[in-house]
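Colleague: I should like to go through this model by question and answer. Please state each criterion where it is first needed.

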Amino acid sequence: KNVPESQKMDFEKNCEDAMNVFGKLHEGLDVNVRFSGVNDFEFTQECILFDLLQIRLYHGWLADPQDVQHYSIVRELSYNQLVEKIIAGSQSETQQLSQSPGSAAE
């Protein structure tokens, strides 16, 4: 078959990456969902396995579009991004509480 060299190199690199993932399968897969659609994922090295085997991934972690307040917040985020925002918000709240008048930090 007449396949361009760059495409061959991409395939070889993807196969190499996939082989590296096989050794970690007993620990699980790092598959990071995005809340925008049933087949939306943040790319991780583990995703290459599914790409090479032409397996489509789907998930059910979707925000309800009728819940406008929450949907507008999470619809474009991945799971990891949402967790980071929650942690940052929690840390900010903790800092505000520790800096408020009458707190134990004074």
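Colleague: What is the relative accessible area of W61?

Modeller: The model is predicted, so local features require pLDDT of at least 70 and side-chain atom pairs pLDDT 80 or more, while totals for chains, interfaces and linings use all residues. Residues are numbered from 1 along each chain as its sequence is written, and side-chain values use heavy atoms, without hydrogens or water. Buried means under 20% relative accessible area, exposed over 50%, and partly exposed in between, with a 1.4 Å probe and protein chains only. W61 falls in the partly exposed class because its relative accessible area is 49%.

Colleague: Which residue forms an aromatic pair with W61?

Modeller: Rings of Phe, Tyr and Trp (its six-membered ring) pair if their centres lie within 6.5 Å; planes under 30 degrees apart count as stacked, over 60 as edge-to-face and the rest as tilted. The count by this rule is one aromatic pair. It is edge-to-face, with 5.5 Å from centre to centre and 80 degrees between the planes, and the partner of W61 is Y79.

Colleague: How many residues apart in sequence are the parts that this pair ties together?

Modeller: Helices (H or I, at least four residues) and strands (E, at least two) are DSSP runs numbered from the N terminus. W61 lies in the loop between α2 and α3, whereas Y79 belongs to helix α4 (residues 79–99), so the parts tied together are separated in sequence by 18 residues.

Colleague: In what order do the elements of the chain run?

Modeller: The secondary structure comprises four helices and two strands. Read from the N terminus on, the order is α-β-β-α-α-α.

Colleague: What is the phi angle of Q54?

Modeller: Q54 is placed in the loop between α2 (47–52) and α3 (68–74). Q54 counts as exposed because its relative accessibility is 74%. Its phi is positive although the residue is not glycine, with a value near 55 degrees.

Colleague: Which residue forms a salt bridge with K13?

Modeller: A salt bridge is a side-chain nitrogen of Lys or Arg within 4 Å of a carboxyl oxygen of Asp or Glu, and the count by this rule is one. Both partners lie in helix α1, four residues apart, about one turn of the helix. K13 is partly exposed, since its relative accessible area is 43%. The closest N and O atoms are 2.9 Å apart, and the partner is D17.

Colleague: Which residues does D17 touch, leaving out those up to four places away in sequence?

Modeller: Contact means heavy atoms within 4.5 Å. D17 is buried, because its relative accessible area is 16%. Its C-alpha lies 7.0 Å from that of Q45, 28 residues away in sequence. With residues up to four places away not counted, D17 touches Q45 and I48.

Colleague: What distance separates the C-alpha atoms of E42 and S78?

Modeller: E42 sits in strand β2 (residues 41–42) and is partly exposed, because its relative accessible area is 23%. Beyond four places in sequence, it touches N32, R34, C47, S78, N80 and Q81. E42 and S78 are 36 residues apart along the chain, and their C-alpha atoms are separated by 6.5 Å.

Colleague: Which residues of the largest nonpolar core are in contact with V74, leaving aside neighbours within four places in sequence?

Modeller: A nonpolar core is a set of buried Ala, Val, Leu, Ile, Met, Phe, Trp, Tyr and Cys residues joined through side-chain atoms within 4.5 Å. The largest has seven residues: V33, F35, F41, A63, V74, L77 and L82. Apart from those sequence neighbours, V74 is in contact with F35, A63 and L82.

Colleague: What accessible area does the nonpolar patch containing L29 have?

Modeller: Patches consist of residues with over 30% relative accessible area and no salt bridge, like charges being joined within 9 Å and nonpolar side chains (Val, Leu, Ile, Met, Phe, Trp, Tyr) within 5 Å; areas come from the Shrake-Rupley method with a 1.4 Å probe, and for residues only the protein chains shown count as cover. L29 lies in the loop between α1 (5–22) and β1 (32–33), and is partly exposed because its relative accessible area is 38%. The patch joins M19, F22, L25 and L29, and together they have about 380 Å².

Colleague: What area does the chain as a whole expose?

Modeller: Buried residues make up 20% of the 106 residues. Carbon and sulfur atoms supply 52% of the exposed area, which is about 8,400 Å².
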